[in-house]
Amino acid sequence: MQLVLVRHGKAEDPAARPSDLERELTTTGRSTIKGMAKGLRLCVSGKVVIWTSPLPRARQTADILANAFKVKKVREHDAIAAGDLEVLASDWQNLDPQPKVLILVGHQPHLGSWAERLTGAVLPIKTAAALAVDLDEDSALSGMLRWYAHPKALAGLADR
């Protein structure tokens, strides 16, 4: 299975909401995700499943991706916001049938630490960036980095 980690788009300034847990995507954030989603579609193939953090900025990002991939149902998963990779790995191993691609929409610093743990690569996961890991068949917690891309690079793929 290929695991694609996507950081949510640009969110509102923390001062805009009483709690960081309520922050939503900005207009620019939505636009950036729409552009990168078009390119992301060109980078993955097969059955796609999308899981997201329940926080609004991640959920909004996941909904835009779901529209681009024509995925009808997005699953909110508390372990994404909590940073619990073990729970996520256990749950994705139990998916039946196994999708070709699982997209996880989440936050820093969790995405960066997961990428390092899974592949050994230290990556600067900026807003709306994405990376793909080909998971090992023998271990859900290791894999090979397939690609890493900033949102402008993904959007540029769609413009070609």
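The expected span of a helix is 1.5 Å times one less than its number of residues, and helix 1 of this predicted model can be read against that value. With 17 residues, running from 27 to 43, helix 1 reaches 25 Å from its first C-alpha to its last, which is close to the 24 Å expected. The protein to which helix 1 belongs has six helices and six strands.

**Overall fold and dimensions**
- Followed along the sequence, the secondary structure elements of the protein come in the pattern β-α-β-α-β-α-α-β-α-β-β-α.
- The radius of gyration is 15 Å, close to the 15 Å that the globule rule gives for 160 residues, so the protein is as compact as a globular protein of that length.
- Taken along the principal axes, the box filled by the C-alpha atoms is roughly 45 × 40 × 30 Å.

**Burial, surface and contacts**
- Of the 160 residues in the protein, 48% are buried, while the accessible surface comes to about 8,000 Å², with 48% of that area belonging to carbon and sulfur atoms.
- When contacts between residues at least 6 apart in sequence are considered, 69% of them join residues at least 24 apart.

**Helix 1 and its surroundings**
- Helix 1 bends by about 25° at A37, and A37 is itself one of the buried residues of this helix.
- The buried residues of helix 1 are G29, I33, G35, M36, A37, G39 and L40.
- The cover over these buried residues includes strand 1 (2-7), strand 4 (101-106), strand 5 (130-135) and strand 6 (143-149), together with helix 2 (56-69) and helix 6 (151-159).

Notes
Residues are numbered from 1 along each chain as its sequence is written. This is a predicted model: local features need pLDDT of at least 70, side-chain atom pairs count only at pLDDT 80 or more; totals for chains, interfaces and linings use all residues. Side-chain values use heavy atoms; hydrogens and water are left out. Helices (H or I, at least four residues) and strands (E, at least two) are DSSP runs, numbered from the N terminus. The bend at a residue is the angle between axes fitted to the seven residues ending there and the seven starting there. Buried means under 20% relative accessible area, exposed over 50%, partly exposed in between (1.4 Å probe, protein chains only). Contact means heavy atoms within 4.5 Å. The radius of gyration is taken over C-alpha atoms; the globule rule is 2.2 Å times the number of residues to the power 0.38. Accessible areas come from the Shrake-Rupley method with a 1.4 Å probe; for residues, only the protein chains shown count as cover.
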